[in-house]
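Visitor: Got a minute to walk me through this one? I'd like to start with the pockets and see where we end up.

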Amino acid sequence: MTTQPAWQALESQRESLPHLRDLFAADPARAEKFQIEAAGLFFDYSKNLITAETISHLVDLANAAGLRGRIDAMFRGDKINTTENRAVLHTALRAPRTASIKVDGADVVPEVHAVLDKMAAFSDRIRSGDWKGHTGKPIKNIVNIGIGGSDLGPVMAYEALRHYSRRDLSFHFVSNVDGTDFAEAVRGLDPAETLFIVSSKTFTTLETMTNAATAREWSLAGLGGDKAAVAKHFAAVSTNAQKVSEFGIDTANMFGFWDWVGGRYSMDSAIGLSTMVAIGPGNFREMLAGFHEMDEHFRTAPFERNIPALHGLLAVWYNDFFGAQTAAVLPYDQYLKRFPAYLQQLTMESNGKHVALDGRRVETDTGPVYWGEPGTNGQHSFYQLIHQGTRLIPCDFIAFAKSLNPLGRHQDLLISNVFAQTEALAFGKTLAQVEAEGTPPAIAPHRVFEGNRPSNVLMAEKLTPATLGRLVSLYEMSVFTQGAIWNINSFDQWGVELGKALAQKIIPELESPTEPALQHDSSTNSLIRRYRRLKA
Ligand code: F6P
């Protein structure tokens, strides 16, 4: 890719780019040139370090990388996850009933909707109180047990859409194998009123299986030990029916999905069962419609007018041409407090790769580190570094015009900060301006803001289930675009395997009643010995 004319044009353009102050001063119509309204979102990318030529070269780069063909291949169901020989069809999870998408010759859309219908019937029974626990009480508490994609999506969506949730039901999420996570989640809950949803694509994940076994013990202990209680207090979401039934969960209470749904792309599959119970099937379907709207925009819009494609290309621009190692996502909505954490798996498990699709080492840096916190809290913490530090950190600001909790002036105060921050980042404050304010010369340099720090603003009227679907799809497709330019497989995650395998070896060494013969390096050996001594 680095030998492509577009890449080289971008490299030379990067050297000669004017400051954002000058770019805006030279073109009063700049904002309109770099704004798009599509699929229910407004995207202002005018405060990026770009000109019209930059965008044209980035689009050339996308074309050189075959982005169009890659998009078509993904949506068609080709096995683009080559290292696992799988199709990548999270887009089918939100396709309308009338669509037809084939994997190995079979249309998957009817199956998708059959599972959604089954989830809806189950959710309605829980929400109406028709589903009774072992002692005849209705369910009041729902505990999702899962990790990674089987947790981060459900937690994020529950928090994001809490406004739409049933407030007489309580929702809890257990992910960590640290027993504290389980203990605190179920503290004060009545087992007779508690339903566990064990969410695991593979149904073999150490953390989830350990927590699920503990949940079964906790449930049975609180319900008199009758194993029949499991059927009333456990549901499973998995692709692995055999493991689900071995665990003792009735497969009638199992909600399936498919190997063509990656864990981090699964919040809109049956993995979203807790979300659906919380917000109801109607709202869940609205969320899916939002996803689909953005999917279709990404699939059909020319790259120059394509929000996810441009978003992804800008990420490549900063990552590879400015050496930006991180990207911040700053939602100005408290309900999106887990959105950055959700995006960390989506972006970094997808594009944290050093090997290209052809098996060779990549030529450029790949996935940046994504991080963030809701505004305005971050402003009183790490924004100092974004404004005046030595590193370039491109930022995404996410804002809504209407609050779901309109209280006095809060929303105007909140959103004024979005606009102020992007303005300050782009334009800064010169030494002359600081001096003109009468700042003493010794202090003046400390009060200078260089500006020229890039940001995007994503805006919508308000946070709804559909808006959430659109936002998540936008980032999924941005990640896809970035992966296409880097020619990597954004859909495998071999990098999590080594640590898992080593832990399996270490577990018996920690649990052995006799001193184990250790054959690790001297550091690991001594840490294991110290742990054994301390816990004794
Ligand atoms: O951490 C690796 C991973 O495989 C993620 O990709 C996945 O989301 C998570 O573990 C959970 O996997 P499962 O749903 O199979 O329990």
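Visitor: Okay, which residues lie nearest the centre of the largest pocket?

Guide: Thr205, Glu349, Gln493, Val496 and Lys500 do, out of 39 residues that line the largest pocket. Keep in mind that this is a predicted model.

Visitor: Sure. Which elements give two or more residues to that lining?

Guide: Three helices: H9 (206-222), H14 (339-351) and H19 (497-511). The largest share comes from H19, with 4 residues.

Visitor: And what volume does the largest pocket have?

Guide: About 980 Å³.

Visitor: How does its lining divide by class?

Guide: You get 17 polar, 12 nonpolar and 10 charged residues in the lining of the largest pocket.

Visitor: Where does the ligand sit?

Guide: In that largest pocket.

Visitor: Nice. Which residues come nearest to the ligand?

Guide: There are 14 residues around the ligand, and Gly149, Ser150, Ser200, Thr202 and Thr205 come nearest. Thr205 also turned up among the residues nearest the centre of the largest pocket.

Visitor: What's the class breakdown of the shell around the ligand?

Guide: That shell has 9 polar residues, 3 charged and 2 nonpolar.

Visitor: Let's get to actual distances. How far is the side chain of Ser200 from a ligand oxygen?

Guide: An N or O atom of the Ser200 side chain is 2.6 Å from an oxygen atom of the ligand. For Thr202, a side-chain N or O atom is also found 2.6 Å from a ligand oxygen. Between those two in sequence there's Lys201, where a backbone N or O atom lies 2.7 Å from an oxygen atom of the ligand.

Visitor: So Lys201 uses backbone there, got it. How much of the ligand's accessible area does the protein cover?

Guide: The protein covers 87% of it, where the ligand on its own has 390 Å².

Visitor: Switching topic: how many cavities of 30 Å³ or more are there?

Guide: The count comes to 2. The largest cavity has a volume of about 160 Å³, and the second largest has about 60 Å³.

Visitor: What's around the largest cavity?

Guide: Its lining has 17 residues, and those nearest the centre are Ala315, Tyr318, Ala327, Pro394 and Asp396. Helix H13 (307-321), strand E10 (326-331) and strand E12 (395-400) are the elements that give two or more residues. H13 gives the most, with 5.

Visitor: Polar or nonpolar, that lining?

Guide: By class, the lining of the largest cavity has 11 nonpolar residues, 5 polar and 1 charged.

Visitor: And the second largest cavity, which helix gives the most to its lining?

Guide: Helix H6 (residues 109-128), with 4 residues. The lining includes Val112, Val115, Leu116 and Met119, along with Leu93, Gly256, Trp258, Asp268, Ser269 and Ala270. By class, that's 7 nonpolar, 2 polar and 1 charged.

Visitor: Last topic, backbone oddities. Where's the cis peptide bond?

Guide: It joins Gly375 and Thr376, with omega about 10°. Thr376 lies in the loop between strand E11 (369-371) and helix H15 (383-388).

Visitor: Why flag a cis bond in the first place?

Guide: Because most peptide bonds are trans. Likewise, most residues other than glycine have a negative phi.

Visitor: Which residue has a positive phi although it isn't a glycine?

Guide: Asp104, with phi about 50°. Asp104 is found in the loop between strand E3 (102-103) and strand E4 (106-107).

Visitor: Great, that gives me plenty to look at. Thanks!

Technical notes:
Residues are numbered from 1 along each chain as its sequence is written. This is a predicted model: local features need pLDDT of at least 70, side-chain atom pairs count only at pLDDT 80 or more; totals for chains, interfaces and linings use all residues. Side-chain values use heavy atoms; hydrogens and water are left out. A residue is near a molecule or strand if one of its heavy atoms lies within 4 Å of it. A polar contact is a pair of N or O atoms within 3.5 Å; within protein, one must be able to donate a hydrogen and the other to accept it, and residues adjacent in sequence count only if both atoms are side-chain atoms. Accessible areas come from the Shrake-Rupley method with a 1.4 Å probe; for residues, only the protein chains shown count as cover. On a 1 Å grid over the protein atoms alone, a cavity is a set of points where a 1.4 Å probe fits but cannot get out, and a pocket is an open set with protein on both sides within 12 Å along at least five of seven lines; lining residues have an atom within 4 Å of a point. A molecule sits in a cavity or pocket if more than half of its atoms lie within 2 Å of its grid points. Ala, Val, Leu, Ile, Met, Phe, Trp, Tyr, Cys and Pro count as nonpolar, Asp, Glu, Lys and Arg as charged, and the others, Gly among them, as polar. Grid points are joined across faces, edges and corners, and a volume is the space filled by probe spheres set on the points.
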